[in-house]
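Thank you all for coming; I would like to take a few minutes to walk through one model with you. Please have a look at it first, and then we can go through it piece by piece.

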Amino acid sequence: MNINFTIVGQAISFAIFVIFCMKFVWPPLIGAINERQRKIAEGLSAAEKAKADLATAEQDVQQELDLAKTKAAALIEQANKSANQLVEDAKSQAQIEGERIRQQAQAAIDQEINQARESLRAQVAELAVLGAEKILQDKVDAQKHASMLDQLAAKL
């Protein structure tokens with residue numbers, strides 16, 4: 001056996017092996033590598049998109065929170081205004097009711113004063129008649145002197 005023939009045989013075998021590998025082994029490996037690169041790239045782009053979506057969602061949440069806070073503040077302010085209005089209405093109603101009660105009490109007092117005056121006038125007239133009776137030692141007729149007693153009561 002010759003070393004040259006062995007080297008040539010080995011070179012031919014190696015060349016056939018390389019051609020075989022390039023035809024049948026290399027394309028599936030390159031395809032798998034390319035597929036893997038594509039999946040990695042898609043994963044990275046999906047991660048970037050998810051990051052952008054997250055930022056957008058956070059902005060939306062912040063806007064919704066701000067809107068909710070604004071609405072809550074407006075509702076609280078409106079409730080405070082309503083409460084103040086109710087208090088003011090109650091105060092005015094209480095003042096009106098107090099004024100009405102005061103007027104009724106004043107009318108009752110005026111009526112009692114008038115009744116007391118009339119009663120005093122009647123008592124004074126009666127005392128005047130009794131006094132005149134005692135002075136004259138004679139009974140004075142109240143019917144005859146009614147006009148005189150009315151004038152006397154009016155002067156009192």
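Before I give a surface figure, let me say that accessible areas here come from the Shrake-Rupley method with a 1.4 Å probe. On that footing, the chain exposes about 13,700 Å², and carbon and sulfur atoms supply 63% of that area. Please keep in mind throughout that this is a predicted model, and that what I describe is computed from it.

Let me turn to the overall layout. The chain has two helices and zero strands, and helix 1 covers residues 3-136. How much of the chain is buried? Of the 156 residues, buried ones make up 3%.

Now to the surface itself, where there is a nonpolar patch of about 960 Å². The residues that make this patch are Phe14, Phe17, Val18, Phe20, Met22, Phe24, Val25, Trp26 and Leu29. To take one of them, Val18 is found in helix 1, and Val18 counts as partly exposed because its relative accessibility is 30%, which falls between the 20% limit for buried and the 50% limit for exposed.

Two other members of the patch deserve a moment, since the structure holds one aromatic pair. That pair is formed by Phe20 and Phe24, and it is tilted, with the rings 5.1 Å apart centre to centre and 45° between the planes. Why is it called tilted, you may ask? The reason is that planes under 30 degrees apart count as stacked and those over 60 as edge-to-face, so a pair at 45° belongs with the rest, which are the tilted ones. Both Phe20 and Phe24 lie in helix 1, four residues apart, which is about one turn of the helix. Their accessibility classes are worth stating one by one: Phe20 is partly exposed, with a relative accessible area of 44%, whereas Phe24 is exposed, with a relative accessible area of 55%.

I would now like to move to the charged side chains. How many salt bridges does a search of the whole structure find? It finds five, and I will describe some of them here.

Let me begin with Arg38, whose side chain meets that of Glu35 in a salt bridge with an N to O distance of 2.1 Å. The side chain of Arg38 also meets that of Glu42 in a salt bridge, here at 2.4 Å, N to O. Glu35, Arg38 and Glu42 are thus linked in a network of salt bridges. As for their spacing, Glu35 and Arg38 are separated by about one helical turn, because they are three residues apart in helix 1, while Glu42 and Arg38, also in helix 1, are four residues apart, again about one turn. On accessibility, Glu35 counts as partly exposed at 31%, Arg38 is partly exposed with a relative accessible area of 39%, and Glu42 is partly exposed at 42%.

Further along the chain, Arg102 forms a salt bridge with Glu99, and the closest N and O atoms are 2.5 Å apart. Arg102 and Glu99 both lie in helix 1, three residues apart, or about one turn of the helix. Are these two residues buried, partly exposed or exposed? Arg102 is partly exposed, with a relative accessible area of 46%, and Glu99 is partly exposed as well, with a relative accessible area of 33%.

Note on methods:
Residues numbered from 1 in each chain as written. Predicted model: local features only at pLDDT ≥ 70, side-chain atom pairs only at ≥ 80, totals over all residues. Heavy atoms only, no water. Buried < 20%, exposed > 50% of the residue type's maximum accessible area, 1.4 Å probe, protein only. Patch = residues over 30% accessible without salt bridge, like charges linked within 9 Å, V, L, I, M, F, W, Y side chains within 5 Å. Salt bridge = Lys/Arg side-chain N within 4 Å of Asp/Glu carboxyl O. Phe/Tyr/Trp six-rings, centres within 6.5 Å; stacked < 30°, edge-to-face > 60°.
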